[in-house]
Amino acid sequence: MLEMNEYVRVMQKLYGKSLILESPSEFHPVLHFYFTDALAHIDFTLGILAYNYMSPKNIMSMEYMRWRVDEEKVGDRVHFPGFVNWLKEAHPEKYGELPILWSGVYDRDDPAQYRSFRIVLNPDDKKPIPADYLSTFIDEFFDAKFIKQLYKTSSLARLFDEYVTGRSA
């Protein structure tokens with residue numbers, strides 16, 4: 001591991017979070033998958049910036065990341081990127097409440113993406129993503145108001161189901 005750099009501190013912030021007061025089994029399955037997936041991308045990005053690329057932690061993360069590429073194509077998960085873009089057009093207020101990582105990576109008009117499993121805000125910029133951005137992503141995903149939107153009965157979950165039903169008809 002490198003010296004205690006800013007990325008290690010952000011990683012400790014991520015690992016200090018908990019869903020102990022929530023009921024993840026009651027989360028909408030697709031929203032839960034993409035929530036966990038975003039956390040995995042944050043973790044992977046932090047890991048390669050904080051630790052040696054071939055550290056056991058990064059090797060294990062790479063194995064998960066390879067697995068999730070196929071998993072995002074299972075069932076209704078395939079609709080999530082289109083859903084984010086539909087929200088932008090049909091429900092801009094809900095789109096504005098999404099974590100910026102989701103709106104950045106899945107918005108067709110935003111250059112942000114997952115590249116080699118890392119979070120890349122601008123593919124033309126070769127500098128590592130600033131630690132403050134990663135810290136902000138963590139804050140947004142663990143914001144109590146956002147977490148309530150992950151439940152099956154939330155307005156975001158109902159909109160997702162409406163979007164999928166509209167695609168299937």
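Author: Welcome! Helices here are DSSP runs of H or I with at least four residues, strands are runs of E with at least two, and both are numbered from the N terminus. Please keep in mind that this is a predicted model.

Reader: Thanks! Where is the place of Asp107?

Author: Two elements frame this residue: helix H6 covers 100-106 and strand S1 covers 113-115. Asp107 sits in the loop between helix H6 and strand S1.

Reader: Is Asp107 buried or exposed?

Author: The relative accessible area of Asp107 is 6%. The cut-off for buried is under 20%. Asp107 therefore counts as buried.

Reader: Which residues is Asp107 in contact with, leaving aside its neighbours within four places in sequence?

Author: Happy to list them, and a contact here means heavy atoms within 4.5 Å. With those sequence neighbours set aside, the partners of Asp107 are Val84, Asn85, Lys88, Tyr95 and Trp102.

Reader: On to pockets. Which residues are the closest to the centre of the largest pocket?

Author: That pocket has a volume of about 320 Å³. Its lining has 16 residues, and the closest to the centre are Val120, Asp125, Lys127, Pro128 and Ile129.

Reader: Which helix and which strand each supply at least two residues of that lining?

Author: By class, the lining of the largest pocket has nine nonpolar, two polar and five charged residues. At least two lining residues each come from helix H2 (29-50) and strand S2 (118-120).

Reader: And how many charged residues has the lining of the second largest pocket?

Author: This pocket has a volume of about 160 Å³, and its lining includes Lys94, Glu97 and Phe146. Four lining residues are nonpolar and one is polar, while the number of charged residues is five.

Note on methods:
Residues are numbered from 1 along each chain as its sequence is written. This is a predicted model: local features need pLDDT of at least 70, side-chain atom pairs count only at pLDDT 80 or more; totals for chains, interfaces and linings use all residues. Side-chain values use heavy atoms; hydrogens and water are left out. On a 1 Å grid over the protein atoms alone, a cavity is a set of points where a 1.4 Å probe fits but cannot get out, and a pocket is an open set with protein on both sides within 12 Å along at least five of seven lines; lining residues have an atom within 4 Å of a point. Grid points are joined across faces, edges and corners, and a volume is the space filled by probe spheres set on the points. Ala, Val, Leu, Ile, Met, Phe, Trp, Tyr, Cys and Pro count as nonpolar, Asp, Glu, Lys and Arg as charged, and the others, Gly among them, as polar. Buried means under 20% relative accessible area, exposed over 50%, partly exposed in between (1.4 Å probe, protein chains only).
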